[in-house]
Amino acid sequence: MCQHQLPESLWAATARPAPDTVALREDISADVVIVGGGFTGLSAALHLAERGTDVVLLEAAEPGWGASGRNGGQVIPGFKLELAELVSRYGEEKGRRLFAAAGTFPDLVFDLIERHQIECAAARAGWIQGAHCTSAHDHLERRCDSWAALGAPVEMLDRVETAHLLGTEWYTTGFIDRRGGGLNPLGYARGLAHAAIAAGARIHGQSTVQSIEQEGGAWLVRTAGGAARAQNVLLATNGYSYLAGGSGPWPKLAESIIPVHSYQVATRPLSDNIRRTILPEGQVSSDLRRLLVYFRLDPEGRFVMGGRGGLDGSLDRAKFAGVIASIRDLFPQIGDPDLAFFWNGQIAINLDHMPHIHPLAEGALAGLGFNGRGVAAATAMGKALADKILGVADDDLPFPVEPLKAIPFHGLRLPAMHLAVAWKRFRDAQERRSG
Ligand SMILES: Cc1cc2nc3c(=O)[nH]c(=O)nc-3n(C[C@H](O)[C@H](O)[C@H](O)COP(=O)(O)OP(=O)(O)OC[C@H]3O[C@@H](n4cnc5c(N)ncnc54)[C@H](O)[C@@H]3O)c2cc1C
C-alpha cells in the first residue's frame with residue numbers, strides 16, 4: 001500500500017475535513033469501478049450513484065489529493081480552444097455545440113455546490129483574463145464576440161477598468177466572464193466525495209490500482225489489498241496517470257499526456273489597505289501568456305499566485321522564484337511578499353489542448369487532458385462519463401470521443417519541455433515589448 005501525504009497547501013490548511021475512506025482490503029464487485037478520486041472520478045461516482053448505479057472508486061491517496069485539491073480554484077468557462085479553432089477541428093455543427101456546452105460547465109459546479117451544500121468558500125464574481133499585448137487583446141475580443149452572440153454575460157474591459165478590477169497596471173486590456181468564479185478546490189473535492197458517499201458510492205483511499213485486466217467477461221481492478229470486479233471501468237487519473245510506478249495500470253494512457261508541474265504560493269493575509277487595491281470585486285484571474293500566471297485572493301485576504309516553476313517537481317524554494325518575481329512585477333504594492341504556503345501539482349498537457357473521452361476497450365473509458373483548465377471541465381467530464389455509461393450518445397456529450405493516441409517520442413518529453421519553455425518565455429517577452 002502506498003501512503004501519499006497531501007501537500008502543505010493553503011487549501012489543505014483551510015478546507016473542510018476529508019471523509020473517511022478506508023483502503024480496499026477484500027475482493028468486491030460493483031457495476032462500475034472508477035480509478036482516481038479527483039473532480040473527474042468523484043463527479044462520475046456522484047452522477048452514477050445518484051442514478052442507482054453501484055459504483056466503487058479507488059484512489060491512491062485521498063479524494064482531492066491530485067490536481068483537484070491543489071489547483072488555483074478558478075472556475076473557468078470554456079475550453080482552451082476558441083470557437084473558430086473548435087469549428088475548424090470538429091466542423092461547424094459539432095464545434096459550435098462543444099463551444100456552447102463548455103460555457104455551461106461552471107453552472108454544473110455551482111449547482112452541485114448548492115444542491116449538496118458543499119462548504120468550499122465558493123463565490124461567483126467572474127473570471128478576468130488580462131491581455132499582455134495587442135494580439136492577446138484581439139484574441140480576447142474575438143472570444144468576447146463569440147460568447148456575446150450566445151448571450152453569455154461577458155465584456156471587454158479597457159485599460160482603466162482592467163487595472164481597477166485586477167489591481168495591477170500590467171495589462172493593456174481585459175475580458176470578464178461573469179459565469180466564472182472561485183472556490184477552495186480541496187474543500188470542493190471533499191464535498192463531492194461526501195455527496196457521492198451519501199448517494200451510495202463506495203470510496204476507498206490509499207488504494208493504488210496496480211493492474212486492470214479482463215477476466216471472465218468483466219474487468220478486474222487490483223490493488224495491493226484487494227480487487228474490484230465490474231462490467232465497466234473508468235480511468236480518471238489525468239496528470240497522475242503514471243502514478244502506480246512506471247507508466248501506471250494502463251500504460252498508453254500515461255503516454256497520451258505530458259504531466260507538467262504548476263507551482264503556487266500564498267501569502268499571509270494582506271493588510272486591509274493593500275487588500276482593498278487587489279481584485280476589489282472578488283474575481284479570479286489568469287492571463288493569456290504561453291507561460292501564464294493565475295492569481296486571486298482567498299476569503300481571508302491571502303494573495304495566491306501560480307505559474308510555471310521547476311520541470312522536475314522539486315519543492316526547492318528556488319523553483320518558486322519565477323512565481324514570486326511575477327508577484328513583484330504585477331503587484332508592487334505587496335512589496336516583499338510574506339509567503340506562508342508553497343506547493344505544486346501536475347497538469348496534463350496534450351497535443352491538441354482538448355480534454356477527451358477515450359473508449360479504451362469494451363466497458364473501459366478514460367476522460368482526461370484538461371491542459372490546466374479542469375475545475376469546471378473535469379466536473380463536467382465526470383458527468384459525461386457517467387452519461388456515456390448510462391447510454392447517452394457520443395454526439396450528445398460535451399467532449400470529443402476519440403481513440404487514445406500516445407504522444408510520439410514521449411520518452412523525450414523532458415528535453416523537449418526545456419526547449420519549449422525557453423521558446424515560450426522568449427515569445428512572451430517579445431510580444432510584451434512590441435505591445
Ligand atoms: C497547480 C495547479 C493549478 C491549477 N489551477 C486551475 C484553476 O485555477 N482552474 C482550473 O480550471 N484548472 C486548474 N488546474 C487544473 C485542474 O486542477 C485539473 O484539470 C483537474 O483537477 C483534473 O481533475 P482530475 O480528477 O481529472 O485529475 P486529478 O485531480 O489529478 O486526480 C487524479 C487522481 O488519480 C489518482 N490516481 C492516479 N493513478 C492512480 C492509480 N493507479 N490508482 C488509484 N488512483 C490513482 C491520483 O492519486 C489523483 O488523486 C490546475 C492544476 C494544477 C496542478
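Me: Before we turn to the ligand, what counts as a helix or a strand here?

Reply: Helices are DSSP runs of H or I with at least four residues, and strands are DSSP runs of E with at least two, both numbered from the N terminus. The model to which these names are applied is a predicted one.

Me: Which helices and strands each supply at least two residues of the shell around the ligand, and which of them gives the largest share?

Reply: At least two residues of the shell come from each of α2 (39–50), β14 (258–267), β18 (339–349) and α12 (375–389). The largest share is three residues, and the element that provides it is β18.

Me: How many residues of the shell around the ligand are nonpolar, polar and charged, and which residues come nearest to the ligand?

Reply: Sorted by class, the shell has 17 nonpolar residues, 20 polar ones and three charged ones. Of the 40 residues around the ligand, those that come nearest are T40, E59, S68, Q74 and V209.

Me: Which residues have a polar backbone atom at 2.8 Å or 3.2 Å from a nitrogen atom of the ligand, and what share of the ligand's exposed area does the protein bury?

Reply: A polar backbone atom of V209 lies 2.8 Å from a nitrogen atom of the ligand, and one of G372 lies 3.2 Å from a ligand nitrogen. On the oxygen side, a polar backbone atom of V375 is 2.9 Å from an oxygen atom of the ligand. Taken alone the ligand exposes 1,000 Å², and the share of this that the protein buries is 99%.

Me: Is T168 buried or exposed?

Reply: T168 is placed in the loop between α7 (159–166) and β7 (173–177), and a polar atom of its side chain lies 3.0 Å from the backbone nitrogen of W170. Apart from neighbours within four places in sequence, T168 is in contact with T162, A163, L330 and F331. Because the relative accessible area of T168 is 3%, and the cut-off for burial is under 20%, T168 counts as buried.

Me: How many disulfides does the structure hold, and why is C144 not bonded to C133?

Reply: The structure holds zero disulfides, and C133 is in none, with the sulfur of C144 as its nearest cysteine sulfur. Both cysteines are nevertheless buried, C133 at 1% relative accessibility and C144 at 6%. A disulfide needs sulfur atoms within 2.5 Å, so the sulfur of C144 is too far from that of C133 for a bond, the distance being 17 Å.

Methods:
Residues are numbered from 1 along each chain as its sequence is written. This is a predicted model: local features need pLDDT of at least 70, side-chain atom pairs count only at pLDDT 80 or more; totals for chains, interfaces and linings use all residues. Side-chain values use heavy atoms; hydrogens and water are left out. Buried means under 20% relative accessible area, exposed over 50%, partly exposed in between (1.4 Å probe, protein chains only). A polar contact is a pair of N or O atoms within 3.5 Å; within protein, one must be able to donate a hydrogen and the other to accept it, and residues adjacent in sequence count only if both atoms are side-chain atoms. Contact means heavy atoms within 4.5 Å. A residue is near a molecule or strand if one of its heavy atoms lies within 4 Å of it. Accessible areas come from the Shrake-Rupley method with a 1.4 Å probe; for residues, only the protein chains shown count as cover. Ala, Val, Leu, Ile, Met, Phe, Trp, Tyr, Cys and Pro count as nonpolar, Asp, Glu, Lys and Arg as charged, and the others, Gly among them, as polar.
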